[in-house]
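Let's take a walk through this protein together, stopping at a few single residues and at the strands and helices around them. Keep the picture open as you read.

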Amino acid sequence: MPLPGVRLVWLGRAHYSELLALQEHWLQRLQTDPRPGVQSSTEAGALLLCEPAGPVYTGGLRGGLMPEETARLRALGAEVRATGRGGLATFHGPGQLLCHPVLDLRCLGLRLRTHVAKLEACAVRLCELRGLRGARARPPPYTGVWLGERKICAIGVRCGRHITSHGLALNCSTDLTWFEHIVPCGLVGTGVTSLSEALQRLVTVDEVMPSFLVAFQETFKCTLVSEDSPS
């Protein structure tokens with residue numbers, strides 16, 4: 001039996017608003033598809049990937065940013081957005097790999113909690129492929145992937161009618177000082193790190209991409225199909 005297919009859409013360096021617009025396009029596409037016999041469908045959705053073109057702070061369903069915080073962060077030159085994902089405030093910016101899988105979980109035989117666990121496993125596998133054996137997932141409220149007490153990959157998802165959106169943010173060569181202006185994911189006393197910091201050399205998003213795609217296909221047991229156009 002063939003593995004489910006997932007469309008691979010790489011935006012390169014893109015504004016966060018472009019990623020959200022493309023995510024909305026795929027959500028509508030999947031939600032309006034009658035998909036008879038969806039469990040046996042050979043296409044599960046799309047994997048949307050980009051490197052943010054500029055600094056963005058986002059809030060989640062568990063809490064956003066107060067007006068005074070928003071004004072302070074915008075004064076730093078960052079964009080501030082509310083989102084429909086789970087979790088609290090976090091940062092996205094250049095040097096970070098953003099991964100938004102828009103998937104019909106029924107096609108993959110997954111439940112939401114299993115989907116989140118697979119995102120964590122995907123990031124752990126990526127770290128292993130890059131030579132970092134100490135990466136691990138932790139139970140809530142520490143959702144994400146950690147190296148010691150520092151988070152290297154944040155995860156926040158949304159799911160409606162079995163279809164997921166949002167996903168993970170992996171720090172490759174991210175300027176970590178941007179995180180100092182918030183309490184990332186609301187976790188006091190923890191820190192953040194990146195592949196570059198952990199490996200003590202510059203690790204770019206472009207360098208990480210091939211390993212990430214291998215890890216995603218292994219973890220989600222799917223076949224990625226490249227798409228020339230984001231539509």
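Gly 134 touches Trp 146 and Leu 147, leaving aside residues up to four places away in sequence. This is a predicted model, so treat that contact, like everything else here, as part of a prediction. To find Gly 134, look in the loop between H4 and strand S7 (136-137). Is Gly 134 buried, partly exposed or exposed? Its relative accessibility is 48%, so Gly 134 counts as partly exposed; the cut-off for exposed is over 50%. For a sense of distance, try Leu 20: it is 114 residues apart from Gly 134 along the chain, and their C-alpha atoms are separated by 32 Å.

Next, hop over to Cys 172, which sits in the loop between S10 and strand S11 (191-192). Cys 172 has a relative accessible area of 0%, so it is buried. Who are its neighbours? Not counting residues up to four places away in sequence, Cys 172 touches Gly 95, Gln 96, Leu 97, Ser 194, Leu 195, Ser 196, Val 203, Thr 204, Val 205 and Val 208. Val 183, on the other hand, is 11 residues apart from Cys 172 along the chain, with 20 Å separating the two C-alpha atoms.

**Strand S10 and its partners**

How many of the residues of strand S10 (residues 163-171) are buried? The count is 9 of its 9 residues, so this strand is mostly covered. A bit of background helps here: strands of a sheet pair through backbone hydrogen bonds, either parallel or antiparallel. S10 pairs with strand S9 (residues 150-160) in the antiparallel sense, over 8 bridges. Strand S6 (residues 96-103) is also antiparallel to S10, and 4 bridges join the two.

You can pick out individual bridge partners too. Gly 156 is matched with Gly 167 in S10, and Leu 97 stands opposite Leu 170 in S10. Leu 97 should ring a bell, as it is among the residues that Cys 172 touches.

S9 and S10 form a hairpin with 2 residues between them. One residue in that turn, Arg 161, deserves a second look.

**Some unusual backbone spots**

Most residues other than glycine have a negative phi, and most peptide bonds are trans. Here are some exceptions to look up:

| Where | Backbone feature | Value |
|---|---|---|
| Arg 161 | positive phi, not a glycine | about 55° |
| His 166 | positive phi, not a glycine | near 60° |
| Pro 140 to Pro 141 | cis peptide bond | omega near 10° |

Where do these sit? Arg 161 is in the loop between S9 and S10, and with 58% relative accessibility it counts as exposed. His 166 lies in strand S10. At a relative accessible area of 6%, His 166 is buried. Pro 141 has its place in the loop between S7 and strand S8 (145-147).

**A sheet of 3 strands**

Now find the open sheet of 3 strands, which has the order S4-S3-S5 and mixed pairing. Which strands are at the edges? They are strand S4 (79-82) and strand S5 (90-92), each of which pairs on one side only. From one strand to the next, the twist averages 30°. Strand S3 (residues 56-59) and S4 run parallel and are joined by 4 bridges; you can see Gly 59 standing opposite Ala 82 in S4. Helix H1 (residues 16-31) packs on this sheet, where it touches S3, S4 and S5, and its direction makes about 25° with that of S4.

**Two helices that cross**

Last stop: helix H4 (residues 112-129) and helix H6 (residues 205-220). They pack at an angle of about 135°, with their axes 8 Å apart. That angle makes H4 oblique to H6, since roughly antiparallel would need an angle over 145 degrees. The crossing of H4 past H6 is right-handed.

Which residues make the contact? From H4 they are His 115, Lys 118, Leu 119, Ala 121, Cys 122, Arg 125, Leu 126 and Leu 129. H6 brings Val 208, Ser 211, Phe 212, Val 214, Ala 215, Phe 216, Glu 218, Thr 219 and Phe 220. Sorted by type, the contact has 11 nonpolar, 3 polar and 3 charged residues. Val 208 links back to an earlier stop, as it is one of the residues touched by Cys 172.

Conventions:
Residues numbered from 1 in each chain as written. Predicted model: local features only at pLDDT ≥ 70, side-chain atom pairs only at ≥ 80, totals over all residues. Heavy atoms only, no water. Axes fitted to C-alpha atoms, helices over the stretch in contact; angles between N-to-C directions. Parallel < 35°, antiparallel > 145°, perpendicular 65-115°, else oblique. Left-handed = near helix turned anticlockwise from the far one by under 90°. Contact = heavy atoms within 4.5 Å. Nonpolar A, V, L, I, M, F, W, Y, C, P; charged D, E, K, R; others polar. Pairing = 2+ DSSP bridges. Buried < 20%, exposed > 50% of the residue type's maximum accessible area, 1.4 Å probe, protein only.
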